[in-house]
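Hi,

Here is the structure I promised to pass on, with my notes underneath. Please have it open while you read.

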Amino acid sequence: MRRFIALLVAAALVLSLAPPSVGAVPDARLTVSDVTVAPDRPTTDEPTTVSATVALSAGSTNAIELDDVTLRTDAGDRLARASNPGSLSPGDSLTVDLVGEFDDAGRQNLTVVARGTDGDGDDVTIRRPVTVVVEDSPPGIIVEADPVEGVTSPVVVDIGNPGVDPVRNVEVSVLKNTAVADRAFVPTLAAGGEETLNLSVTPDGDRQEIAVRVSYTTATGDRQTTFRRETLRVDPLEDDVGIDVRPVREQQADVQAGSDLGSLLGGAGGGSAGGNLQQDDAEGETPGQVEVAVTNFGNAPITEAVVEPEGEEPLARQFVGDLAPGETETVTVDLSEASGGDIDVAVNYRLDREQRQTQTTYEYRPETAAITVTGVDMEQDGDRLVITGNAGNTGEASVSGVVVSVGETESVSPAYPQRDYFVGTVDGSEFAPFELTARVDDNATSVPVEVTYRVDGEAFTQRYELPVERFEDSDDGGVLGSLWPFSLDIAGVGISVALGAAALVPLYRWRR
């Protein structure tokens, strides 16, 4: 009996020393060992990459085939999915990139879920939480440029703030081969605002890679930077500056006092009286003035352009300034001091930091002016002589202050009522009538007439001796006798023709 009790105690002791039973260890132990986010500061509406490293523990007894790896939001919505990324043996790992975009800024609580099937056909799932802080989108960047090789070329950069908060201290830089070629600053860019900046770069070769870097401070005080890279097609430099020289034309209105009736009646007293023809509005040339139109037909801007006419006399230069491609600027050049002939008109300018020149030749024909007396008639009543005629301008330029007057000799003297006659202004190739009165005696063989006028402010005087021819009485009956008989004898028939005295009224006639 005692021996049986001892065996029971020994058995109980053995059972008390045995370990308790536990559950079975899984054959495939799956883990998400690492999760990274790029960029480190993701922004709204821009791709964000969550890289998850999935590993199979070395103590696993079974391989595993990954079915998918997904990225889900806190609400369970799927942002990204990688299907069948691969299989894992014990101790292996692989990294899966999950790319998604966020509509809203702020803290985003996400979960990486990896699912697979082991060698026994059992499903294996592992979850790993990850937190991402999303910021508003950076300024948008649009680049426009038409660069020219070797020339400082404009680069237009448009930036826009798509976020709901303003950004400040915006610095926009154009980078060429990582070096800053040009930069500009914007103090504040409001939410939804846009700004256009004019920068420049000097390209090399037929293609140029540039980067536009925009650095800014967000509403939370963080300093952010975004880039846009462009490969620009570069055009070869074209230097083509054109010159066009032409006379200055303007609308001229020469409305003068007097009329046709005044020219017939003349003035009262011994002073001058208006008797000019009225001129209509006409388009004419300004004497000595030419327009020089400078056009940049090239593909690069020119600077400091100056027009320099070159003649025998020193001529004034005219500053044109800067011209963008396709732009034209016109200046007026005074050639009134130049003599007639060919004048070289040059344009000096700077292009690509070099001084350059182009020129043309302009045939300058100065306008001339001179007054001559034409169409003269003389009629005498006793010792009073009436002289009528025209003051004609034989040149192209306008003359002013034209006065016609009777000179004085021993046989001729000015007389009332028209000792002199004020004609006024006579345009080129035009004329104006005048009427003068003088006293003459029997010894007068010519009448002196003086014409004074001004051309471009310079005074001129011309003196004309107008000859007179006298028809006096003869022994055959005076005027009548001088014209009386003439006959024709045709076929033996004599025909006498007499002109009556009533047909010839004037007793004397002087005529040029």
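Leu-175 has Ala-211 as its bridge partner in strand 13. Please keep in mind that this is a predicted model. Strand 13 covers residues 207-217 and runs antiparallel to strand 10, with seven bridges joining the two. Leu-175 also stands opposite Val-180, which belongs to strand 11. Strand 11 (residues 179-189) is paired with strand 10 in the antiparallel sense as well, over nine bridges. The hairpin of strand 10 and strand 11 has two residues between the strands, and Asn-177 takes a positive phi near 55° there. Strand 10 itself spans residues 167-176, and eight of its 10 residues are buried, so this strand is largely enclosed by the rest of the structure.

Next, have a look at the open sheet of four strands. Its order is 18-17-20-21, and the pairing is antiparallel. Which strands stand at the edges? They are strand 18 (318-323) and strand 21 (354-364); each has a single partner strand, so one side of each is left without a neighbour in the sheet. On average, neighbouring strands here are turned by 20° against each other, direction ignored. As a reminder, strands of a sheet pair through backbone hydrogen bonds, either parallel or antiparallel. Strand 17 (residues 302-310) and strand 20 (residues 341-351) are joined in the antiparallel sense by six bridges. One of the residues to click on is Val-307, whose bridge partner in strand 20 is Val-347.

Strand 20 also holds Asn-348. Is Asn-348 buried or exposed? Its relative accessibility is 13%, so Asn-348 counts as buried, the cut-off for that being under 20%. The Asn-348 side chain makes polar contacts with two other side chains: that of Glu-308 at 3.1 Å and that of Gln-357 at 2.8 Å.

Another asparagine you may like is Asn-62, in the loop between strand 2 (48-56) and strand 3 (64-72). Asn-62 is buried too, at a relative accessible area of 15%. Its side chain makes a polar contact of 3.1 Å with the side chain of Asp-120.

Now for the nonpolar cores. In soluble globular proteins, nonpolar side chains tend to be buried together. The largest nonpolar core here has 29 residues, and Val-423 and Val-447 touch the most other members. Two or more residues of this core come from each of strand 22 (371-381), strand 23 (384-393), strand 24 (399-406), strand 26 (420-426), strand 27 (431-440), strand 28 (446-455) and strand 29 (458-467). There is also a second, separate core of 26 residues, including Val-245, Val-290, Ile-302 and Val-333.

Finally, the aromatic rings. The count comes to one aromatic pair. The rings of Tyr-453 and Phe-460 have their centres 5.7 Å apart and their planes at 20°, so they are stacked; the cut-off for stacking is under 30 degrees. Tyr-453 is buried, at 3% relative accessible area, whereas Phe-460 counts as partly exposed at 31%. Elsewhere, Arg-229 places its charged end over the ring of Phe-227, 5.1 Å from the ring centre.

Happy browsing, and do write back with any questions.

Best wishes

Key: Residues numbered from 1 in each chain as written. Predicted model: local features only at pLDDT ≥ 70, side-chain atom pairs only at ≥ 80, totals over all residues. Heavy atoms only, no water. Phe/Tyr/Trp six-rings, centres within 6.5 Å; stacked < 30°, edge-to-face > 60°. Buried < 20%, exposed > 50% of the residue type's maximum accessible area, 1.4 Å probe, protein only. Lys NZ or Arg CZ within 6 Å of the ring centre and 35° of its normal. Pairing = 2+ DSSP bridges. Axes fitted to C-alpha atoms, helices over the stretch in contact; angles between N-to-C directions. Core = buried A, V, L, I, M, F, W, Y, C linked by side-chain atoms within 4.5 Å. Polar contact = N/O pair within 3.5 Å; in protein donor to acceptor, adjacent residues only side chain to side chain.
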